[in-house]
Amino acid sequence: NVSQILLGRCASFLFQSLLTHVLDFSGLFSDHQYASAALRLHNMILEMPMPYFCTNCNQFICQNRKPVHQDVHLGCTVSHPELSSDRIWEVATNDGEGRVSLYMLYTGPAYFVLNENIAVSEVTYDCWI
């Protein structure tokens, strides 16, 4: 059925759009001419599988290799252009004002704090996706 195919494509497009945008459907539900189609679209979108939620960057859409946010959480795995890329680096402290300190993970309980004053803008997420 052509209308089902068209409705499915609309639902897929809206689902992708809703990942990064807020859409207002309230006008469609209040107009009886569009309410049925809007409700079917809404139900189709709700049945679609949710995308991967990254547990490292705590973002709905993974931010791998993108600059960290100022509120980056402690223990988040990150990278820095001047640090060895074959090591695992985590956020040790975050002052909430754009400065973090990082530590390199070892197999034992010890860690090494690299720097107490790294600008958040120089650090990127290093998610294992």
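A residue is called buried when its relative accessible area is under 20%. In the predicted model examined here, buried residues account for 33% of the 129 residues in the protein chain. The surface that the protein chain exposes comes to about 8,900 Å², and 58% of this area is supplied by carbon and sulfur atoms.

The secondary structure of the protein chain consists of three helices and five strands, and, when followed from the N terminus, these elements are arranged in the order α-α-α-β-β-β-β-β. With regard to how the protein chain folds back on itself, contacts between residues at least 6 apart in sequence were considered, and 46% of these contacts join residues that are at least 24 apart.

The cysteines were then examined for disulfides, for which two cysteine sulfur atoms must lie within 2.5 Å of each other. By this rule the number of disulfides is zero. In the case of Cys-57, the closest cysteine sulfur belongs to Cys-54 and is 3.6 Å from the sulfur of Cys-57, which is too far for a bond. Cys-127 likewise takes part in no disulfide, its nearest cysteine sulfur being that of Cys-54, at 3.6 Å.

The accessibility of these two cysteines was also considered. Cys-57 counts as buried because its relative accessibility is 3%, a value that falls under the 20% limit. Cys-127, with a relative accessible area of 5%, is buried as well.

Key:
Residues are numbered from 1 along each chain as its sequence is written. This is a predicted model: local features need pLDDT of at least 70, side-chain atom pairs count only at pLDDT 80 or more; totals for chains, interfaces and linings use all residues. Side-chain values use heavy atoms; hydrogens and water are left out. Buried means under 20% relative accessible area, exposed over 50%, partly exposed in between (1.4 Å probe, protein chains only). Helices (H or I, at least four residues) and strands (E, at least two) are DSSP runs, numbered from the N terminus. Contact means heavy atoms within 4.5 Å. Accessible areas come from the Shrake-Rupley method with a 1.4 Å probe; for residues, only the protein chains shown count as cover.
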